[in-house]
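Here is my note on the model you sent. The points are numbered so that you can check each one against the coordinates.

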Amino acid sequence: MVHQLAAFSIRPFIADEWPAYRAIRLRALADAPDAFSTTLDTQQVLPPEAWAARLSAAAASGRDYPLVAELQGQAVGMAWAKVDADDASIVNLFQMWVAPEARGQGVAGALLDEAIRWAGARGAQALQLGVNCANLPAVRLYERTGFLDTGWREPFRPGSGITEQRMRLALTPAA
């Protein structure tokens with residue numbers, strides 16, 4: 001029997017929710033260490049002020065859109081969309097993750113949809129991301145959403161045998 005989740009919601013994190021952001025980010029890094037370019041070790045030692053500053057800066061920038069997926073008040077997913085520092089026509093997607101108990105229920109697709117909506121509303125021409133080439137469920141999710149492999153490859157992190165590929169989704173400008 002497949003367990004169906006009750007309705008979940010997708011919304012932006014707000015600045016004072018840094019403890020919840022920290023908790024889900026560390027959970028994601030512990031659950032899927034090969035899905036992120038940073039490591040649990042480097043992030044869990046950050047002081048509370050660093051986590052608070054990260055969300056405060058995002059809220060003030062207008063160029064960041066940190067998202068949380070919630071089910072019954074509990075964070076079960078996250079993603080972070082950010083306008084590219086060198087090219088405002090591109091939005092980068094980082095930190096995409098869904099908790100194991102919420103996978104296969106549409107949470108990842110809903111996070112992507114909201115990041116795509118936000119990027120399009122900003123006038124971005126493309127949304128791009130990097131993904132571990134061996135993470136086939138993630139690659140398939142992005143392909144189903146319309147992302148294309150750009151052919152760009154590089155090591156995931158220094159000293160890592162993992163290869164990251166860049167994928168890009170062309171966006172239709174918002175009317």
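**Notes on the predicted model**

1. Start with Gln 72. Gln 72 sits in the loop between strand E2 (64-71) and E3. This is a predicted model, so read every value below as computed from it. Gln 72 is not a glycine, yet its phi is positive, about 50°. Most residues other than glycine have a negative phi. Gln 72 has a relative accessible area of 71%, so it counts as exposed.

2. Now take Gln 95. Gln 95 also has a positive phi, about 55°, and is not a glycine. Gln 95 lies in strand E4. Is Gln 95 buried or exposed? Its relative accessible area is 15%, and the cut-off for buried is under 20%, so Gln 95 is buried.

3. Ser 89 deserves a look. Ser 89 is in the loop between strand E3 (74-83) and E4. Its relative accessibility is 19%, so Ser 89 counts as buried, given a cut-off of under 20%. The side chains of Ser 89 and Asp 87 are joined by a polar contact of 2.6 Å.

4. Which residues does Ser 89 touch, leaving aside its neighbours within four places in sequence? They are Ala 124, Gln 125 and Ala 126. Ser 89 and Leu 127 are 38 residues apart in sequence, and their C-alpha atoms are 8.8 Å apart in space.

5. Next, the core. The largest nonpolar core has 49 residues. Leu 93, Met 96 and Tyr 142 have the most contacts inside it. The largest share of this core comes from H4, with eight residues.

6. Leu 93 can be followed further. Leaving aside neighbours within four places in sequence, Leu 93 is in contact with Ala 79, Trp 80 and Ala 81. Its other contacts on that basis are Leu 112, Ala 115, Leu 127, Gln 128 and Leu 129.

7. Last, the largest pocket. Its space is about 920 Å³, and 37 residues line it. Nearest its centre lie Ala 35, Met 96, Val 131, Ala 138 and Tyr 142. Met 96 and Tyr 142 are also among the residues with the most contacts inside the largest nonpolar core.

8. Where does the pocket lining come from? Elements that each supply at least two residues include strand E4 (90-98), helix H4 (107-121), strand E5 (126-132) and helix H5 (136-145). Strand E6 (148-155) and strand E7 (163-170) do so as well. E4 gives the largest share, seven residues. By type, the lining divides into 19 nonpolar, twelve polar and six charged residues.

Conventions: Residues numbered from 1 in each chain as written. Predicted model: local features only at pLDDT ≥ 70, side-chain atom pairs only at ≥ 80, totals over all residues. Heavy atoms only, no water. 1 Å grid on protein atoms, 1.4 Å probe; cavity = no way out; pocket = protein on both sides within 12 Å on 5 of 7 lines; lining within 4 Å. Points joined across faces, edges and corners; volume = space filled by probe spheres on them. Helix = DSSP H or I, 4+ residues; strand = E, 2+ residues; numbered from the N terminus. Nonpolar A, V, L, I, M, F, W, Y, C, P; charged D, E, K, R; others polar. Buried < 20%, exposed > 50% of the residue type's maximum accessible area, 1.4 Å probe, protein only. Contact = heavy atoms within 4.5 Å. Polar contact = N/O pair within 3.5 Å; in protein donor to acceptor, adjacent residues only side chain to side chain. Core = buried A, V, L, I, M, F, W, Y, C linked by side-chain atoms within 4.5 Å.
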